[in-house]
Amino acid sequence: MEGFETRLACLKERIRAAERAAGRNEGEVSLVAVSKTHGAVAIARAYRCGLRHFGENYLQEAAAKQDSLGHFDIGWHFIGPIQSNKTRLVAQRFAWVHGVERLKTAERLNAHRPDFFPRLNVCLQVNISGEASKSGVDPREVPTLLEAMAPLPRLRLRGLMAIPAPDDREAEQRGTFARMRELFDRVAPIYGMDTLSMGMSDDLEAAILEGSTQIRIGTALFGARPKPIAANNP
Ligand SMILES: *Cc1c(COP(=O)(O)O)cnc(C)c1O
């Protein structure tokens with residue numbers, strides 16, 4: 001388990017270096033530890049190292065970990081695709097949802113969010129790379145969708161999220177993140193949104209240089225992922 005602490009120290013240094021290079025304040029970028037496929041023990045370890053926000057993609061897998069870590073003060077982020085028959089569980093078990101891409105999904109999350117819970121924090125997923133990546137809203141449709149979602153009382157619009165098509169070239173990565181940032185800057189003030197969720201293990205520097213406020217990191221923290229077991233993750 002020493003590996004985790006080393007990886008966390010490395011990651012923090014990468015984040016700090018990127019913040020400095022971008023002329024941003026240290027600690028400005030928040031970290032969501034993506035714990036999908038890793039067990040409750042790995043999460044507890046990360047928690048003891050000070051991490052408080054964890055991202056999960058698969059509902060059943062996440063629910064089991066949440067149940068065993070119920071006494072931890074964790075902000076759970078649902079970052080996977082949201083099937084419409086799963087909106088109730090997502091709305092009941094998570095503080096944040098990043099993969100919203102349709103009004104229908106937002107309406108269902110709103111309807112299922114318990115009244116006595118704080119509002120569910122929502123990021124719209126944007127298909128910023130076009131063709132290559134299929135999830136997310138077309139950037140041109142973002143303003144209309146946000147306008148339609150804004151009145152939903154149990155949701156709190158927090159920002160935009162993107163998973164660009166993989167590309168090793170830093171200039172390309174930065175160009176894509178810069179387009180996200182422009183879009184974010186246009187719509188964020190209208191809804192008081194504060195979160196631009198972009199950057200993963202392989203492209204966090206480019207994301208931070210272009211204004212990401214929240215990165216979602218799996219591999220660089222927990223190591224390589226085993227393949228998810230299909231039967232557990234329908
Ligand atoms: C898996 C995943 C991540 C983390 O990816 P790494 O490359 O392992 O850091 C981030 N965001 C989403 C939506 C993911 O599904």
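Which residue follows helix 2, and is its phi positive or negative? It's G50, and its phi is positive, near 105°. Keep in mind that what you're looking at is a predicted model. Here's a quick tour, starting with the whole chain and then zooming in on a few residues.

**The whole chain**

- The protein chain has 234 residues, and its radius of gyration is 17 Å. A compact globule with that many residues would come out near 17 Å, so the chain agrees with what you'd expect of one.
- If you boxed up the C-alpha atoms along the principal axes, you'd need a box of roughly 45 × 40 × 30 Å.
- Count up the secondary structure and you get nine helices and eight strands.
- Take the contacts between residues with a separation of 6 or more: 61% of them join residues 24 or more positions apart.

**Surface and charge**

- Of the 234 residues, 51% count as buried.
- The accessible surface comes to about 11400 Å², and carbon and sulfur atoms own 50% of that.
- On the charge side, you'll find 32 positive and 28 negative side chains. The centres of those two sets sit 6 Å apart.

**Helix 2**

- This helix covers residues 40-48.
- Its buried residues include a run you can follow by eye: A42, I43, A44, R45, A46 and Y47.
- In general, an α-helix has 3.6 residues a turn, so residues three or four places apart point the same way.
- Just past helix 2 comes G50, the residue from the opening question, with its positive phi.

**Cysteines**

- The disulfide count for this model is zero. C10, for one, isn't in any disulfide, and the nearest cysteine sulfur, that of C49, is 13 Å away. A disulfide needs the two sulfur atoms within 2.5 Å, so that pair doesn't qualify.
- C10 is partly exposed, with a relative accessible area of 48%.
- C123, on the other hand, has 0% relative accessibility and counts as buried.

**Zooming in on Q214**

- You'll find Q214 in strand 8, which spans residues 214-217.
- Is Q214 buried or exposed? Its relative accessibility is 5%, and buried means under 20%, so Q214 counts as buried.
- Setting aside neighbours within four places in sequence, Q214 is in contact with V29, S30 and V32, among others.
- Its other contacts include H77, W96 and H98, along with T195, L196, S197 and M198.

Technical notes. Residues numbered from 1 in each chain as written. Predicted model: local features only at pLDDT ≥ 70, side-chain atom pairs only at ≥ 80, totals over all residues. Heavy atoms only, no water. Buried < 20%, exposed > 50% of the residue type's maximum accessible area, 1.4 Å probe, protein only. Helix = DSSP H or I, 4+ residues; strand = E, 2+ residues; numbered from the N terminus. Rg over C-alpha atoms; globule rule 2.2 N^0.38 Å. Contact = heavy atoms within 4.5 Å. Areas by Shrake-Rupley, 256 points an atom, 1.4 Å probe, with all protein chains shown as cover. Lys, Arg positive; Asp, Glu negative; His and termini not counted. Charge placed at Lys NZ, Arg CZ, Asp CG, Glu CD.
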